[in-house]
Amino acid sequence: MEKTIKVGMADLKVTKSPKVLTTLGLGSCVGVALYDRETKIIGLAHIMLPNSTQIKNNANKAKFADTAIDILLKEMIGMGTNKSRLVAKIAGGAQMFSFGSNNDMMKIGYRNVVATKEVLKSFNIPLLAEDTGGNHGRTIEVYGCTGKLLVKTIGYGVKEI
Amino acid sequence: MFNVEDLNHLHLDVLREIGNIGAGNAATALALMIHKKIDMEVPMVKILEFEEVAKILGGEESVVAGIYFDVQGDVTGNIMFLLDTSSSKVLTGMLMGREDYSKELDEMDRSALQEIGNILSGSYISSLSTLTGLNLVLSVPSLCIDMAGAILSVPAIQFGQVSDKVLLIETKLQDGNNLVKANFFLIPNADSFRILLKNLGVDN
């Protein structure tokens, strides 16, 4: 079986060590990784929008910060994790294009990051690390064995958080 | 609420025709600038899932150039013009009058790329404006060269509020053996699509 599992845009996956979860080319979207260091269960969601309640077309729960984290949590608990042990790391939320105008859509990356942090807080999940903002894309990998989050970029190097 | 999936064959034909006229104007403008004959294929209009779009461009992590515009006026929204790395090099190479199209892009090329995006998108918008009788104004371009997935997240998020699919217009320009594949995303805001189609006489 493949060791690395790919999470698409507006998608989420849950697995455990030694597997690795990855999502490619995060721009304004945010990758939310949850980790339980005892059972080594990991979950990763690739969210696109901050809030499902503000959008009519909200059938895909993995698309929104609020509903995606909720499902991630439920699936991880279903696999045997304890909510109190969960910690989070997030990456993404960049602003790929810059305009002088006051186009609200341009700040969507920032809004996604803010919403993600609020949702994590409401579930009492501590945010251990983040690599967010800026104006570049990110590919991330979450490792089940250690819980480390690897961030790869084009022209901005590779970092581990 | 308008849904991209609701577009029928007639709608797509009209959008393709606009794409055709726009690309024709763009190819003429480009040919005049570089004093060369440019061939153009009939554009393809496609409705795709986000992930399929990334695949067309060589996968989420392949490096592409995106040029993004704000559209204001009777219809509001955005236009994105996308080129894969080889097309970017061919286009700037043509414009700079190079013999070899393999050179990596420098600051001058980036600026040239923005200008090409401006000309092509401007041609597209002006044909759309002429055909619909709508007043459409294009902002200054914003260029970003990065992972396809990251650049595509911008139109995907905008479409994502109303649909899980995107409307893509693919144009192929050719100078001898050098092929340039230019992809346009037309991203009207929620009700603007309806206004567009109505003014084109294909919707009521």
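**Salt bridges and overall build of chain A**

A:Asp36 is a buried residue, its relative accessibility coming out at 0%. That is a curious spot for a charged side chain to start from, and its partner is worth a look. In this predicted model, the side chain of A:Asp36 forms a salt bridge with that of A:Arg85, with an N to O distance of 2.9 Å. The pair joins distant parts of the chain: A:Asp36 belongs to strand 4 (residues 30–36), while A:Arg85 sits in the loop between helix 1 (65–78) and strand 6 (86–92), 49 residues apart. Unlike the buried aspartate, A:Arg85 is partly exposed, at 24% relative accessible area. A:Glu38 also comes into play, as A:Asp36, A:Glu38 and A:Arg85 are linked in a network of salt bridges.

Two further pairs sit towards the end of the sequence. The side chains of A:Glu141 and A:Lys152 meet at 3.0 Å, N to O, in a salt bridge. Because A:Glu141 lies in strand 8 (residues 138–143) and A:Lys152 in strand 9 (residues 149–152), this pair ties together parts that are eleven residues apart in sequence. A:Glu141 counts as buried at 14% relative accessible area, being under the 20% cut-off, whereas A:Lys152 is partly exposed at 29%.

A:Lys148 and A:Glu160 make the other pair, a salt bridge whose closest N and O atoms are 3.6 Å apart. Here A:Lys148 comes from the loop between strand 8 and strand 9, and A:Glu160 from strand 10 (residues 158–160), so the bridge ties together parts that are twelve residues apart in sequence. A:Lys148 is partly exposed, with a relative accessible area of 25%, and A:Glu160 is exposed, at 52%. Over the whole structure, the search turns up 13 salt bridges.

As for the fold around these pairs, chain A has two helices and ten strands, running along the sequence as β-β-β-β-β-α-β-α-β-β-β-β. Its radius of gyration is 15 Å, close to the 15 Å that the globule rule gives for 161 residues, so chain A is as compact as a globular protein of that length. The C-alpha atoms fill a box of roughly 50 × 35 × 25 Å along the principal axes.

Buried residues account for 56% of the 161 residues. Of the contacts with a separation of 6 or more, 62% are between residues 24 or more positions apart. Chain A exposes about 6,900 Å², with carbon and sulfur atoms supplying 51% of that area. On the charge side, there are 22 positive and 13 negative charges, and their mean positions are 1 Å apart.

Key: Residues numbered from 1 in each chain as written. Chains lettered and ligands numbered in written order. Predicted model: local features only at pLDDT ≥ 70, side-chain atom pairs only at ≥ 80, totals over all residues. Heavy atoms only, no water. Helix = DSSP H or I, 4+ residues; strand = E, 2+ residues; numbered from the N terminus. Rg over C-alpha atoms; globule rule 2.2 N^0.38 Å. Buried < 20%, exposed > 50% of the residue type's maximum accessible area, 1.4 Å probe, protein only. Contact = heavy atoms within 4.5 Å. Areas by Shrake-Rupley, 256 points an atom, 1.4 Å probe, with all protein chains shown as cover. Lys, Arg positive; Asp, Glu negative; His and termini not counted. Charge placed at Lys NZ, Arg CZ, Asp CG, Glu CD. Salt bridge = Lys/Arg side-chain N within 4 Å of Asp/Glu carboxyl O.
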